Amino acid sequence: MKKHGLILLTLALGLSALFASVAFADEPVMGGVLRWHEINDPPKVDPAQVTDTTSSRVVYLMFDSLVENDADGKGVTPALAESWEGSDGGKVWTFHLRKGVHFHKETEGQPTANGGREVKAADWKYSFERLVYENSPRAYFLDMVKGYQDFISRDETGAKEWAGIKVVDDYTLQFELEYPFAPFVAVLAYNTFVVVPKEDAEKWGKEFNFHPVGTGPFCFDKWDHDQKLATKRNPDYWRKDDAGRQLPYLDGVEIVVIPDPTITYEEYKKGNIDCYRDIPDEFYEDVQANYKSVFQERPQLGTYYYGFNNEMGDFAGPEKLKLRQAFNYAVDRARISDLVLNGRFPAARGVLPPGFPGYNENLKGYEYNPEKAKELMKESGYPDGFEVELLVNNNPRHRAVGEAIQAQVAELGIKMSIKVLDWGVMLDLCDRGEVNLFRMGWVVDYADPDNFLYVLFHSSNKGAKGNYSRYSNPEFDKLVEQARVDTDYAKRMELYQKAEQILVDDAAWLFLFHYSNSLLYQPWVKNIHMPAFGDYTTPLYNVWVQK
Amino acid sequence: MLSYILRRLLYTIPVVWGVVTVVFILINVVPGDPARLMLGQRGDPATLAKIRSDMGLDLPIYQQYFNFLRDVAKGDLGKSYRSNEQVTTALLERFKATFRLALWAIILAALVGITAGVISAVKQYSAFDYSAMIIAISGVSAPVFWVGLLLLLAFAYNLNWIPGVGYGDGDWRYLILPVITLGVRPAALLARITRSCMLEVLSQDYVRTARAKGLAERVVVGRHAFRNALIPVITILGTQISDLLSGAVLTETIFAWPGIGRLEVEALINRDFPIMRGGIIFMALIFLVANLIVDLSYGFIDPRVRYD
Amino acid sequence: MTAQQIRKSGGSLWYEAWLRFRRNKLAMVGLFMVVSIVGIAIFAPYVAPHDPIKQLIWTEGKEAKLAAPTTAHLMGTDLYGRDIMSRIIYGARISLQIGIFSTLVSLLLGVPLGALAGYFGGKVDDFISWIINVIFAFPFLLFVLAVVAVFKNPSMVVVYIAIGVVQWVSIARVVRAQFIYLREREFVEAAKALGLPTWRIVFVHILPNALAPVIVQATLGMGGIILLEAGLAFLGFGAQPPTPSWGLMISEGQRYLGQGIWWWAVFPGLAIMYTVLGFNFLGDGLRDALDVRLKR
């Protein structure tokens with residue numbers, strides 16, 4: 001009986017698999033080139049230097065990290081590391097590497113310097129140390145790894161290596177931390193922490209940016225600046241699909257650069273580009289009406305806010321708390337989102353986006369309440385309103401939201417003027433705190449509340465390190481520090497929720513929206529799934545085109 | 001002649017030095033720290049200091065200036081802050097695209113503008129004259145990018161006559177609309193100038209003499225009048241080079257053309273100073289050389305012009 | 001001839017020029033167009049049917065957003081339900097302000113420097129001509145962008161200065177050429193012989209005679225400046241929201257062009273064309289009437 005059952009089951013499974021493939025024609029198709037749009041030429045594709053989404057898009061095509069963010073942004077999944085474990089109270093992390101992963105054998109039609117050899121633990125150590133040699137702006141994400149300080153100031157200390165990174169054997173890599181750091185594994189999913197072959201990186205030096213070589217599903221092929229960046233299928237990619245077929249299905253991916261959004265949308269309609277990410281608000285209704293079946297959108301793990309300067313100026317200090325709160329009550333987020341952003345951005349009550357680890361359903365935030373706003377304004381000594389200047393960087397969406405808020409809070413007597421600045425100028429002013437109110441956004445780097453609460457609000461991060469609102473509260477600091485080192489997940493989340501409530505009560509920001517991701521693609525693009533981490537991280541190794 | 005060229009070339013040195021200096025001053029007073037921009041939205045001060053010293057931004061201003069002068073004199077424009085690409089490589093690559101666009105725009109403008117101007121002058125106060133001049137003045141009255149957008153929407157996306165935007169791997173069909181967009185202004189300007197110069201020449205004694213001798217009107221207009229009217233027209237062509245390069249900034253953005261104008265605007269926004277200053281110096285040199293060529297061409301058109 | 005006589009004959013020259021101007025149809029059309037725009041700008045509060053920055057979406061909801069032209073809103077509304085026609089009418093003020101103030105800046109720089117170079121010649125001329133040549137060699141749109149970027153507080157004044165700082169060289173060239181031509185004339189010799197101070201000769205005797213080409217150049221330059229503002233706005237520089245600048249309106253509205261929402265970008269474009277056309281017709285007419293030949 002048992003035996004029969006098993007045979008029957010196998011038969012049924014086999015039949016249904018056969019049936020499915022015939023009936024739905026959902027079989028992957030090999031070949032074809034996918035044309036992916038970006039708004040500007042990627043400034044750099046050397047993973048050590050990447051800080052923007054366009055460049056990250058390219059890096060995700062050609063490189064791999066130890067771990068990857070899962071599709072929902074709740075944690076990480078294995079990539080080039082098959083498994084890992086923490087020990088010594090979260091101070092030591094050991095990674096067991098996947099075997100049989102090879103570097104690209106070919107690039108730009110030529111053999112690579114490494115010749116397509118296997119990735120070993122020593123390559124990882126080299127890749128991490130290279131970040132420091134190349135002054136990577138993201139190397140400091142790992143400043144808790146033992147020996148970091150010595151290694152960056154190696155001119156004085158004479159350090160020859162990054163001591164905390166150890167090659168145990170060919171397939172085992174170990175990190176030793178200065179202190180227990182719970183989000184450590186999540187940080188390693190960041191797209192700077194990928195493996196590169198020493199031979200090619202040293203052959204090209206600084207020019208590696210124009211001749212990148214990695215382990216990813218696609219190999220670099222050709223870069224016509226301001227036009228397109230072409231990649232080709234990596235035939236030795238380590239991933240196979242469930243049926244055992246070699247991935248990727250596509251012959252290549254081309255990054256197509258078109259700067260003007262109006263034209264980009266027309267090019268999409270004409271069929272000249274296959275994927276258009278981050279659809280601007282002005283096309284949203286049209287997309288909804290005509291392309292709903294090939295349009296994906298989902299909340300992005302990020303928050304859009306207007307920061308108050310909590311340290312100096314018109315909104316600083318506990319004496320201006322009621323003013324900050326009044327402002328928070330004065331803005332009708334849902335309505336603005338509905339009218340100007342097509343309702344795409346959900347209103348934010350606090351800092352952490354919904355669905356993110358530590359998100360608090362019961363957080364007490366600010367609803368639109370003009371009466372309360374007026375009352376608080378009166379209590380803080382501004383019964384008839386006040387004047388404020390908002391700084392925004394030059395972008396149609398920020399201008400649009402600014403203009404809407406400007407008109408809306410004017411009803412309460414808040415005269416908000418808008419100053420549009422270049423991003424570089426704005427960063428400068430914010431770094432130095434020469435601002436009262438500024439627009440800023442934060443999209444997550446790694447899937448842990450630490451990335452929001454510690455980075456953006458801890459008093460040691462004031463200025464360029466992320467705390468632009470120059471918030472400082474010892475009680476809050478203590479909570480997030482504690483959450484950083486604790487290894488008990490549930491306990492940590494509880495600490496973060498407590499900390500977030502303090503922030504919200506202090507009205508450190510004008511909390512506005514959470515971001516939303518969107519991806520528009522052609523009907524012939526199959527099996528494409530946009531992850532919560534961002535449209536620019538959409539994996540393409542298992543996508544195929546069927547025309 | 002040779003000594004004239006030499007003198008002119010010598011004179012470009014102080015002008016280029018002036019351009020280099022003004023660019024240097026501008027870059028140093030523009031707010032926004034390029035090293036800071038390399039960090040993205042956040043970064044740590046230690047890395048910032050390292051990047052800054054890599055860029056040579058920690059040197060005293062006067063030393064930065066002299067280093068810059070020395071490098072420019074050697075023809076070394078440095079490397080892009082953002083991408084680390086050699087500036088000269090980047091500029092030459094983009095200039096190829098801009099040159100292709102600007103050259104065809106000038107050819108189109110010369111063909112259409114000069115022809116229309118000559119006919120207008122010969123048939124002064126005719127219906128052709130009036131409509132050509134009204135079109136010409138309208139042509140210089142509309143914003144370049146607005147015209148480009150409307151053209152694109154009409155011909156590429158509604159009528160589908162044009163495959164799309166971008167460089168199109170050199171396919172000439174991608175060239176049509178940007179060339180028209182960029183060529184409208186110089187064409188209109190040339191038409192007006194040609195007309196007024198032709199009118200003046202046609203009213204002069206030697207033309208009347210030629211007519212009195214019984215020469216065919218075609219010969220009078222073609223050989224005598226046109227030749228003399230050409231000098232101011234060519235002068236205008238010279239000044240248009242600068243306009244064309246500027247117009248290219250907007251045209252290239254609309255048409256996703258991988259040219260030098262777009263590169264420069266992005267460099268300004270991203271504070272990529274080596275690209276920015278290199279590009280401005282490069283464009284200034286092109287302007288100066290083009291004007292030298294224009295001045296020299298007078299001699300070929302009118303042998304009476306002497307260079308002394 | 002005494003200086004007095006020169007000025008009298010100068011006066012009749014202007015009158016003759018006006019007679020010539022009046023006979024030129026296109027010139028008169030241009031004058032009408034410019035006067036009409038100036039009139040609309042001055043009387044904007046009386047001409048405009050609505051408040052140009054009033055956002056109707058807050059009171060009337062989504063129906064007021066991007067509404068096609070109707071009798072209530074002759075040119076439709078924009079994303080915030082603002083009346084486009086009223087914004088265009090108030091926008092005339094912005095465009096004219098930019099045109100006028102930038103031209104003023106360029107005149108303030110260009111006339112004295114051009115006069116100095118032309119009158120004194122020699123080293124002074126060499127120096128000023130060098131500056132002129134340097135600025136001419138710059139790609140001018142980039143130069144304006146860079147100058148705008150220098151200021152941390154973007155405002156209209158910054159735009160005036162940036163444009164003026166670039167535009168003055170063409171004025172200076174014209175003035176310089178006029179002064180070189182005029183300084184050798186008899187009436188200047190006469191004035192010198194009378195022992196008049198140099199500043200008097202320059203400003204009272206030569207300058208009025210050099211004005212005609214300056215006026216023509218400045219008028220033709222106005223059109224160029226208005227176009228330049230549109231270009232700056234398209235690239236995201238210049239006017240700050242919610243200023244109803246035509247350039248800003250086009251650059252915001254152009255994103256909806258492909259979806260049949262044409263009124264937001266097309267009407268301000270037409271307004272720019274109308275105004276620039278007016279200045280160009282007027283400038284051309286002035287040139288013919290004043291018999292000016294512009295050297296480059």
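Trainee: This is a predicted model. Is A:Cys275 buried or exposed?

Mentor: The cut-off for burial is under 20% relative accessible area. A:Cys275 has 0% relative accessibility, so it counts as buried.

Trainee: Which cysteine sulfur is closest to the sulfur of A:Cys275, and why is there no bond?

Mentor: A disulfide needs two cysteine sulfur atoms within 2.5 Å. Here the gap is 20 Å, which is too far for a bond. The closest cysteine sulfur is in A:Cys219.

Trainee: How many disulfides does a search of the whole structure find?

Mentor: The search covers all chains. The cut-off is again within 2.5 Å between sulfurs. The count is zero.

Trainee: What is the relative accessible area of A:Cys430?

Mentor: A:Cys430 is buried. Burial alone would only put the value under 20%. For A:Cys430 the value is 0%.

Trainee: Let's move to the strands of chain A. Why is strand E14 of chain A described as largely enclosed?

Mentor: E14(A) covers residues 295–308, 14 residues in total. The strand is largely enclosed by the rest of the structure because the buried ones number eleven.

Trainee: Which strand does E14(A) join over ten bridges?

Mentor: The two strands run antiparallel. At A:Phe295 the bridge partner is A:Leu520. That partner lies in the strand of residues 509–521. The strand is E18(A).

Trainee: How many bridges pair E14(A) with E17(A)?

Mentor: E17(A) spans residues 437–443. It pairs with E14(A) in the antiparallel sense. One facing pair is A:Thr303 and A:Trp442. The bridges number seven.

Trainee: Do E15(A) and E16(A) run parallel or antiparallel?

Mentor: E15(A) takes in residues 387–393, and seven bridges join it to E16(A). A:Asn393 stands opposite A:Leu421 in E16(A). The two strands run parallel.

Trainee: How many residues of E16(A) are buried?

Mentor: E16(A) is residues 415–421, seven in all. The strand is largely enclosed by the rest of the structure. The buried count is five.

Trainee: Which helix holds A:Gln325, and is this residue buried or exposed?

Mentor: The helix is H10 of chain A, residues 321–330. The relative accessibility of A:Gln325 is 16%, and the cut-off for burial is under 20%. So A:Gln325 counts as buried.

Trainee: Which residues does A:Gln325 touch, leaving out those up to four places away in sequence?

Mentor: A touch here means heavy atoms within 4.5 Å. The residues are A:Tyr366, A:Leu376, A:Asp505 and A:Ala507.

Trainee: How far apart are the C-alpha atoms of A:Gln325 and A:Asp274?

Mentor: Along the chain the two are 51 residues apart. In space, C-alpha to C-alpha, the separation is 45 Å.

Trainee: On to chain B. How many helices and strands does chain B have?

Mentor: From the N terminus on, its elements run α-α-α-α-α-α-α-α-α-α-α-α. No β element appears in that run. The secondary structure comes to twelve helices and zero strands.

Trainee: Is B:Leu2 buried or exposed?

Mentor: B:Leu2 lies in helix H1 of chain B, residues 2–29. Exposed means over 50% relative accessible area. At 64%, B:Leu2 is exposed.

Trainee: What share of the residues of chain B count as buried?

Mentor: Chain B has 308 residues. Its C-alpha trace spans about 85 × 55 × 30 Å along the principal axes. The buried share is 58%.

Trainee: How much area does chain B expose?

Mentor: Carbon and sulfur atoms supply 67% of the exposed area. The total is about 13,000 Å².

Trainee: How far apart are the mean positions of the positive and negative charges of chain B?

Mentor: Chain B carries 29 positive and 22 negative charges. Their mean positions are apart by 5 Å.

Trainee: Last, chain C. Which residues of H7(C) are buried?

Mentor: H7(C) covers residues 140–150, eleven in all. Nine are buried, so the helix is largely enclosed by the rest of the structure. They are C:Leu141, C:Leu142, C:Phe143, C:Val144, C:Leu145, C:Ala146, C:Val147, C:Val148 and C:Ala149.

Trainee: Among contacts in chain C between residues at least 6 apart, what share joins residues at least 24 apart?

Mentor: Chain C has twelve helices and zero strands. Its C-alpha atoms fill a box of roughly 75 × 45 × 30 Å. The share of such contacts is 75%.

Definitions and conventions:
Residues are numbered from 1 along each chain as its sequence is written. Chains are lettered from A and ligands numbered from 1 in the order in which they are written. This is a predicted model: local features need pLDDT of at least 70, side-chain atom pairs count only at pLDDT 80 or more; totals for chains, interfaces and linings use all residues. Side-chain values use heavy atoms; hydrogens and water are left out. Buried means under 20% relative accessible area, exposed over 50%, partly exposed in between (1.4 Å probe, protein chains only). Helices (H or I, at least four residues) and strands (E, at least two) are DSSP runs, numbered from the N terminus. Two strands pair if DSSP finds at least two bridges between them. Accessible areas come from the Shrake-Rupley method with a 1.4 Å probe; for residues, only the protein chains shown count as cover. Lys and Arg count as positive and Asp and Glu as negative; His and the chain ends are not counted. The place of a charge is taken as NZ of Lys, CZ of Arg, CG of Asp or CD of Glu.
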